[in-house]
Amino acid sequence: MFLPCPESGANPLHLAALAAGELPTAVTRAFTGRPARGLVNRFLSEHSAGAPPAYPHVHQLTRDLRKAGDSQAMSLWAGQSYEFARPLPAADLVRELGAGARSALAAAARRWA
């Protein structure tokens with residue numbers, strides 16, 4: 001949810017892929033050697049099956065790929081529901097998430113009261 005926030009400093013290619021909201025996500029070790037969820041691109045598809053659990057070695061080996069500016073070769077981290085994220089300031093997002101949580105808790109309390 002925080003990646004599209006102006007404060008995130010995310011790569012413009014990453015932000016564009018998130019904003020499009022068209023790609024599926026998958027968990028991979030291909031970019032770092034640790035499991036993480038990202039948008040499916042060529043690198044993730046081609047290297048996930050054989051990626052060793054070797055952090056930080058894999059992370060160091062793929063560093064230049066991630067910086068090359070090719071959205072098909074860079075890590076595009078995203079959660080399962082990334083298409084709901086919006087580019088608003090982080091403070092506003094925290095306020096919205098807090099209000100939503102309070103509302104959900106109040107509704108649950110009413111149901112169980």
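When I say that two residues touch, I mean heavy atoms within 4.5 Å. With that in place, let me start at Leu93. This is a predicted model, and Leu93 sits in helix α5, residues 90-112. Setting aside residues up to four places away in sequence, Leu93 touches Met1, Phe2, Cys5 and Leu88. Of those partners, take Phe2: Leu93 and Phe2 are 91 residues apart in sequence, yet their C-alpha atoms are 7.8 Å apart in space. Is Leu93 buried or exposed? Its relative accessibility is 2%, so Leu93 counts as buried.

Now the overall layout. The protein has five helices and two strands. Reading from the N terminus, the order is α-β-β-α-α-α-α. Along the principal axes, the C-alpha atoms fill a box of roughly 55 × 30 × 25 Å. The radius of gyration is 17 Å, where a compact globule of 113 residues would have one near 13 Å. Of the 113 residues, 27% are buried. The exposed area is about 7200 Å², and carbon and sulfur atoms supply 60% of that area.

On contacts in general: if you take those with a separation of 6 or more, residues 24 or more positions apart account for 57% of them.

On charge, there are 12 positive and 8 negative charges, and the mean positions of the two sets are 10 Å apart.

Next, the interior. In soluble globular proteins, nonpolar side chains tend to be buried together. Which residues make up the largest nonpolar core here? There are seven: Ala17, Leu18, Leu39, Met74, Leu76, Ala78 and Tyr82. Apart from that core lies another, of five residues, including Phe31, Phe43, Leu44 and Ala51.

Back in the largest core, look at Leu76. Not counting residues up to four places away in sequence, Leu76 touches His14, Ala17, Gly38, Leu39, Asn41 and Ser71. Of these, Ala17 and Leu39 are members of the largest core as well.

From the five-residue core, I will pick Leu44, which lies in helix α2. Leu44 counts as buried because its relative accessibility is 4%, and the cut-off for buried is under 20%. Again leaving out residues up to four places away in sequence, the residues that Leu44 touches are Ala26, Thr28, Phe31, Gly38 and Leu39. Gly38 and Leu39 are also on the list for Leu76. For a contrast in distance, Leu44 and Phe84 are 40 residues apart along the chain, and their C-alpha atoms are separated by 22 Å.

Two loop residues remain. Where is Thr62? Thr62 is in the loop between α3, residues 57-61, and α4, residues 63-67. Thr62 has a relative accessibility of 6%, so this loop residue counts as buried. Beyond its neighbours within four places in sequence, Thr62 is in contact with Ala30, Phe31 and Phe43. Phe31 and Phe43 came up a moment ago, as members of the five-residue core.

The other loop residue is Pro56, placed between α2, residues 42-47, and α3. The peptide bond that joins Tyr55 and Pro56 is cis, with omega at about 5°. If you have the structure open, that bond is a good place to stop, and I will stop there too.

Definitions and conventions:
Residues are numbered from 1 along each chain as its sequence is written. This is a predicted model: local features need pLDDT of at least 70, side-chain atom pairs count only at pLDDT 80 or more; totals for chains, interfaces and linings use all residues. Side-chain values use heavy atoms; hydrogens and water are left out. Helices (H or I, at least four residues) and strands (E, at least two) are DSSP runs, numbered from the N terminus. The radius of gyration is taken over C-alpha atoms; the globule rule is 2.2 Å times the number of residues to the power 0.38. Buried means under 20% relative accessible area, exposed over 50%, partly exposed in between (1.4 Å probe, protein chains only). Accessible areas come from the Shrake-Rupley method with a 1.4 Å probe; for residues, only the protein chains shown count as cover. Lys and Arg count as positive and Asp and Glu as negative; His and the chain ends are not counted. The place of a charge is taken as NZ of Lys, CZ of Arg, CG of Asp or CD of Glu. A nonpolar core is a set of buried Ala, Val, Leu, Ile, Met, Phe, Trp, Tyr and Cys residues joined through side-chain atoms within 4.5 Å.
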